[in-house]
Amino acid sequence: MDDHEAMGLALEEAARATAHGDVPVGAVVLGPDGTVLGRRHNEREVAADPTAHAEILALRDAAAALRSWRLTGCALVVTLEPCLMCAGAAVAARLARVVFATPDRKGGAAGSLYNVCCDPRLNWEPAVVAGVRAEDSRALLSAFFASVRASS
């Protein structure tokens with residue numbers, strides 16, 4: 001599965017988050033052979049858990065599928081640039097790549113505010129690919145936040 005297709009799955013996941021009032025962020029973890037190992041969306045609101053980001057949940061599922069915390073050779077594909085926690089988890093999991101759709105200028109840690117994934121001081125540096133299906137992700141996020149503002 002290529003990055004464009006995987007982002008399509010992540011966007012499907014992101015859309016599911018809105019059903020329970022979560023910010024529409026979706027994530028997919030691909031194995032070294034391109035198979036889907038984890039596929040999740042934000043669940044912070046529904047789980048009342050500040051760590052229930054799509055990336056963390058998908059990484060947990062992938063680690064369970066592989067029966068290893070080392071996700072060497074795997075890729076994290078996510079609709080929004082990972083935050084500091086999620087970028088740190090990508091490094092800790094030893095991912096090969098982090099692919100995201102749209103930057104998060106207020107909290108992104110894969111190039112916008114911080115660049116955790118590409119910090120040579122850390123023990124691992126996953127490659128970062130930005131901008132895959134960015135407009136699709138921006139549209140989903142914009143619609144969600146417009147709806148939130150309209151109901152306030």
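Which residues in α1 meet which residues in α5? In this predicted model, Leu11, Ala14 and Ala15 in α1 are in contact with Asp136, Ser137 and Leu140 in α5. Sorted by class, the contact of α1 with α5 comprises 4 nonpolar, 1 polar and 1 charged residues. Two packed helices are described by the angle between their axes and the distance between the axes. For helix α1, which covers residues 3–17, and helix α5, which covers residues 134–151, the packing angle is about 0 degrees and the axes lie 11 Å apart. Because angles under 35 degrees count as roughly parallel, α1 is described as roughly parallel to α5.

The 15 residues of α1 should span 21 Å at 1.5 Å a residue, and the end C-alpha atoms of the helix are indeed 21 Å apart, so the expected and computed values agree. Buried positions in α1 are Asp3, Ala6, Met7, Gly8, Leu9, Ala10, Leu11, Glu13, Ala14 and Ala17, a set in which Asp3 and Glu13 appear beside residues such as Leu9 and Leu11. These buried residues pack against β1, β2, β3, β4 and α5. Leu11 and Ala14 thus belong to the buried set of α1, and both also take part in the contact with α5.

The strands are considered next. Strands of a sheet pair through backbone hydrogen bonds, either parallel or antiparallel. Here, 5 strands form an open sheet in the order β2-β1-β3-β4-β5, with mixed pairing. The edge strands, each of which pairs on one side only, are β2 and β5. On average, and with direction ignored, neighbouring strands of this sheet are turned by 15 degrees against each other. Helix α5 packs on the sheet, where it touches β3 and β4, and the direction of α5 makes about 60 degrees with that of β4.

From the β2 edge inwards, β1 and β2 run antiparallel and are joined by 5 bridges, with valine 29 standing opposite glycine 38 in β2. The hairpin of β1 and β2 has 5 residues between the strands, and within this hairpin glycine 34 takes a positive phi near 90 degrees. Strand β1 is largely enclosed by the rest of the structure, because 5 of its 5 residues are buried. Gly26, Val28 and Leu30 point one way from β1, whereas Ala27 and Val29 point the other way, and the residues on both sides are buried.

On the other side of β1, the pairing of β1 and β3 is antiparallel and extends over 4 bridges. Leucine 30 stands opposite alanine 75 in β3, and valine 28 has valine 77 as its bridge partner in β3. Valine 77 is in turn the bridge partner of valine 99 in β4, where β3 and β4 pair in the parallel sense over 5 bridges. As 6 of the 6 residues of β3 are buried, this strand is also largely enclosed by the rest of the structure.

Strand β4, residues 97–102, runs parallel to β5 and is joined to it by 4 bridges. Phenylalanine 100 has alanine 130 as its bridge partner in β5. Alanine 130, found in strand β5 (residues 127–130), is exposed, with a relative accessible area of 52%, just above the limit, since exposed means over 50%. The C-alpha atoms of alanine 130 and valine 77 are separated by 9.9 Å, although the two residues are 53 residues apart along the chain. In the loop between β4 and β5 lies proline 120, which counts as exposed at 64% relative accessibility. Proline 120 is 14 residues from alanine 134 in sequence and 27 Å from it in space, C-alpha to C-alpha.

Helix α3 (residues 54–66) contains 13 residues, which should span 18 Å at 1.5 Å a residue, and its end C-alpha atoms are 18 Å apart, which agrees. Within α3, the buried residues are Ala54, Glu55, Ile56, Leu57, Ala58, Leu59 and Ala62. The partners against which these buried residues pack are β1 (26–30), β2 (36–41), β3 (75–80) and α4 (84–92). Just after α3, arginine 67 takes a positive phi of about 55 degrees.

Note on methods. Residues numbered from 1 in each chain as written. Predicted model: local features only at pLDDT ≥ 70, side-chain atom pairs only at ≥ 80, totals over all residues. Heavy atoms only, no water. Axes fitted to C-alpha atoms, helices over the stretch in contact; angles between N-to-C directions. Helix = DSSP H or I, 4+ residues; strand = E, 2+ residues; numbered from the N terminus. Parallel < 35°, antiparallel > 145°, perpendicular 65-115°, else oblique. Contact = heavy atoms within 4.5 Å. Nonpolar A, V, L, I, M, F, W, Y, C, P; charged D, E, K, R; others polar. Buried < 20%, exposed > 50% of the residue type's maximum accessible area, 1.4 Å probe, protein only. Expected span 1.5 Å × (residues − 1). Pairing = 2+ DSSP bridges.
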